[in-house]
Amino acid sequence: ARVALASFILKPANLLVLDEPSNHVDIGTIEALAAGLAAFEQGQRTKHAAVLVISHDRDFVEKLEMTHVCSVAGGAVSLEERNLRSDDWVVEGDGRAVEAAEDNHEVNAAAEQ
């Protein structure tokens, strides 16, 4: 898996799709992958290229500079041009995450008033 990931980062491409790239690899490999993707993104910024990452690994994803966030809910897909937010990590059934998102929503609602 490490060699395959490294070969993808080293080859020129306009679109790089990674589905759960941090699964089943060690911490050093995850950090190297994040650094490689950051270098790819920096090198491609003036060109028409994109990196599509599907991941549940919050630490890994937060090391990347997201420009768009896609979410799926209720059978619908939403694509927004923005950075990640803490409520992007809310998982159904996880009471702590839901409470954190509700607290964040309440703070944002209070700030808007």
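This report describes the fold, the β1 strand, the nonpolar core and the salt bridges of a predicted model.

## Overall fold

The protein chain contains four helices and four strands. Their order along the sequence is α-β-α-β-α-β-β-α. Of the 113 residues in the protein chain, 24% are buried. The chain exposes about 8200 Å², and carbon and sulfur atoms supply 54% of that area.

Contacts between residues well separated in sequence can be put as a share. Among contacts in the protein chain with a separation of 6 or more, 46% are between residues 24 or more positions apart.

## Strand β1 and its partner

β1 and β2 run parallel and are joined by five bridges. Within this pairing, Leu-16 stands opposite Val-51 of β2.

The two faces of β1 can be listed by residue. Leu-16 and Leu-18 make up the covered face, while Leu-15, Val-17 and Asp-19 make up the uncovered one. Leu-15 of strand β1 has a relative accessible area of 54%, which is over the 50% cut-off, so Leu-15 counts as exposed.

## A nonpolar patch on the surface

Two residues of the uncovered face of β1, Leu-15 and Val-17, also belong to a nonpolar surface patch, together with Leu-52 and Ile-54. The four residues have about 340 Å² of accessible area together. β1 (15-19) and β2 (50-54) are the elements that give two or more residues to the nonpolar patch.

In soluble globular proteins, nonpolar side chains tend to be buried together. The patch residues, by contrast, lie on the surface.

## The largest nonpolar core

The largest nonpolar core has 14 residues. Those that touch the most other members are Leu-5, Leu-18, Leu-33, Leu-37, Phe-60, Val-61 and Leu-64. At least two residues of this core come from each of β1, α2 (27-44) and α3 (58-62). The largest share is that of α2, with four residues.

Leu-18 ties the core to the strand described above: this residue is on the covered face of β1 and is among the core members with the most contacts to other members. Leu-33 is another of those members. Leaving aside residues up to four places away in sequence, Leu-33 touches Leu-5, Ile-9, Pro-21 and Phe-60. Of these neighbours, Leu-5 and Phe-60 are also listed among the core members that touch the most others.

## Salt bridges

Side chains of opposite charge can pair when their charged atoms come close. The structure holds four salt bridges. One of them joins the side chains of Glu-62 and Arg-58, with an N to O distance of 2.9 Å. Both residues lie in helix α3, four residues apart, about one turn of the helix. Glu-62 is partly exposed, at 44% relative accessibility, and Arg-58 is partly exposed as well, at 34%.

Arg-85 and Asp-87 meet through their side chains in another salt bridge, at 3.1 Å, N to O. Arg-85 is partly exposed, with a relative accessible area of 39%, and Asp-87 is partly exposed at 32%. Salt bridges that share partners also join Glu-80, Arg-82 and Asp-88 into one network. Within that network, the side chains of Asp-88 and Arg-82 meet at 2.9 Å, N to O. Asp-88 is partly exposed, at 26% relative accessibility. Arg-82 has a relative accessibility of 14%, which is under the 20% cut-off, so Arg-82 counts as buried.

## The loop residue Met-66

Met-66 is placed in the loop between α3 and β3 (69-73). The relative accessibility of Met-66 is 19%, under the cut-off of 20%, and therefore this residue counts as buried.

Not counting residues up to four places away in sequence, Met-66 touches Val-61, Arg-82, Asn-83 and Leu-84. Two of these neighbours have appeared above: Val-61 as a member of the largest nonpolar core, and Arg-82 as a salt-bridge partner of Asp-88. Leu-52, a residue of the nonpolar surface patch, lies 14 residues from Met-66 in sequence and 9.7 Å away in space, C-alpha to C-alpha.

Conventions. Residues are numbered from 1 along each chain as its sequence is written. This is a predicted model: local features need pLDDT of at least 70, side-chain atom pairs count only at pLDDT 80 or more; totals for chains, interfaces and linings use all residues. Side-chain values use heavy atoms; hydrogens and water are left out. Patches are made of residues with over 30% relative accessible area and no salt bridge: like charges are joined within 9 Å, nonpolar side chains (Val, Leu, Ile, Met, Phe, Trp, Tyr) within 5 Å. Accessible areas come from the Shrake-Rupley method with a 1.4 Å probe; for residues, only the protein chains shown count as cover. Buried means under 20% relative accessible area, exposed over 50%, partly exposed in between (1.4 Å probe, protein chains only). Contact means heavy atoms within 4.5 Å. Two strands pair if DSSP finds at least two bridges between them. A nonpolar core is a set of buried Ala, Val, Leu, Ile, Met, Phe, Trp, Tyr and Cys residues joined through side-chain atoms within 4.5 Å.
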